[in-house]
Amino acid sequence: MEVAAPADPLYQRIAQHYRGAIRSGLMPAGERMPSVRSLQRLHQVSLSTALQACRRLEDEGLLEARPRSGYFVRVPRRGGMPPASEPDFARAPDPAQYVGIHDRVSAFVARSEGCPAQVDFGATYAAAEAYPGEALKAAAIRALRRQPDLLVRPADAAGELALRTAIARRALDGGMQLSPDDITITHGCIEALNVALRAVAQPGDVVAVESPTYYGLLQVLESLGLRALEIPCSPNTGLSIEALALAFDTQPGIKAVVTGPDHQNPLGSVMPDADKARLVALCEQHQVPLIEDDTYGALGNDDVPLRALKAWDRSGNVIRCVSLRKTIAPGLRLGWVSGGRWHARIRMLKYAQSRANEALPQLTMAEFMASSAYERHLARLRRQVRQQRERIAEGIAAWFPAGTRLSVPPGGMLLWVELPPGADAHALFEAALQQGIRTVPGTLFSNSHRYDRYVRISCGHLVTRQAEQALRTLGALAAAQG
């Protein structure tokens, strides 16, 4: 059996004990787990500690709770499913100008909106009830009571000091030392990326991006007249440092690198700390700005924060762009950017592009982020998304055709599904829409046609019986293409 480190919390040590028994076959599928009260007596722990251990194993897909019966061993069916293919890191990068991405995205949005979905696997948000709506509403009311003129006075161009201060304090958890003056509030992460790219590149310049990457970034590149250089990205470890180093040697004139190191969209990959340090050093060595996109970084499997690329930045070469929408409040449309040595230029570009963000959403967010409710919310959201991710992965393993590949990431809301050879993700998207199911085909995440048989599946919403039936239908539609 596996042995946990003594420093681990007690509930984790109990979970580790039974995890080893399940994985070794000592506790086979279908066997009843000792009751929570039995665990309490056996391990001489509190009832809450015993329950935490069971819930941890449930989150990992090793146990299932049956009403009025307790917990039972549930060995994941995806154990035999192969991981997603790794890209060819040795292949020389191929510059591609993203002409037409607007047309493709516009066509995708129009088709999606034209066929209302009963089950949406394309959304990049959790369900509304997963967010702290009541707490945010109360915070907004308190902000208006404290400052009755809030809606009629001009807002701070850089962002409300209270929010910038709350962000700077939270940034310490990611290994960063930022002051409020290092932070500019933006309209979501997409505006932060937009002004960051405008600060370091001009129309016609080449920007290195991950392949695959978020299609919203590709739209920004096209809007700014920039050319993209695709760098292979592993579904497990993220952007290939070796491939990027080769690109620096063989493709002179790269003006910036954009990467999402933590729970990347669409792969969900997490870059190891050693690679993060190497990436920051490599870009500094070549004097190429490194733009960090952190949209899902707070949604890991546990409460230990991931270290940001900015934590290794000693020269101001890393521009950090962050979204607060996916994890806290989709309706407030808030993000932020810390521009390093381009800080003043980014702040000027933000002012020229959209002026200041509204004060009320900022002060609402500031009060919430400064409270203990923030951590409690994130812990709940992480647990919920993890359970949903495990259940959807199980459904894919059970119902998708043989040859399907999947690497389940250690966090985030997204799964990147590799369909068998011969499958067509866009055709699957069209067929699924007719059944009231929305997906996102891999063709949107690159201009290279490398992802024609990949599908991005969102795990943000609760996995209901209707959602499980939709997964069955998707699997059947994919199998029919073979």
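Q: Why is glutamate 468 called partly exposed?
A: This is a predicted model, so to speak of local features a pLDDT of at least 70 is needed, side-chain atom pairs count only at pLDDT 80 or more, and totals for chains, interfaces and linings use all residues. Residues are numbered from 1 along each chain as its sequence is written, and side-chain values use heavy atoms, with hydrogens and water left out. Buried means under 20% relative accessible area, exposed means over 50%, and partly exposed is what lies in between (1.4 Å probe, protein chains only). Glutamate 468 has a relative accessible area of 26%, so partly exposed is the right label.

Q: What makes glutamate 468 and arginine 391 a salt bridge?
A: The term asks for a side-chain nitrogen of Lys or Arg within 4 Å of a carboxyl oxygen of Asp or Glu. Here the closest N and O atoms are 2.7 Å apart, so the pair qualifies. Glutamate 468 sits in helix α15 (residues 465-480) and arginine 391 in helix α13 (residues 372-399), so the contact ties together parts that are 77 residues apart in sequence. Helices here are DSSP runs of H or I with at least four residues, strands are runs of E with at least two, and both are numbered from the N terminus.

Q: How do you know whether arginine 391 is buried or partly exposed?
A: Its relative accessibility is 38%, so arginine 391 counts as partly exposed.

Q: What about aspartate 313 and lysine 310: which label do they get, buried or exposed?
A: Aspartate 313 comes in at 12% relative accessibility, so it counts as buried. Lysine 310 has a relative accessible area of 10% and is buried too. The two form a salt bridge, with the closest N and O atoms 3.1 Å apart.

Q: What does the salt bridge between aspartate 294 and arginine 320 tie together?
A: Their side chains meet at 2.6 Å, N to O. Aspartate 294 lies in strand β10 (residues 290-294) and arginine 320 in strand β11 (residues 318-323), so the pair links parts that are 26 residues apart in sequence. Both aspartate 294 and arginine 320 are buried.

Q: How many salt bridges are there in the structure?
A: There are 25. Glu58, Asp59 and Arg383 are linked in a network of them.

Q: Why is cysteine 283 not bonded to cysteine 233?
A: A disulfide takes a pair of cysteine sulfur atoms within 2.5 Å. The closest cysteine sulfur to that of cysteine 283 is in cysteine 233, 14 Å away, so it is too far for a bond. By this rule the count is 0 disulfides. Cysteine 283 is buried, with a relative accessible area of 0%, and cysteine 54 is buried at 0% as well.

Q: What makes β13 and β16 edge strands?
A: Two strands pair if DSSP finds at least two bridges between them. The open sheet of 4 strands runs β13-β14-β17-β16 with antiparallel pairing, and β13 (405-406) and β16 (440-441) each pair on one side only. β13 pairs with strand β14 (residues 414-418) over 2 bridges, so that pairing meets the cut-off. Arginine 405 stands opposite glutamate 418 in β14.
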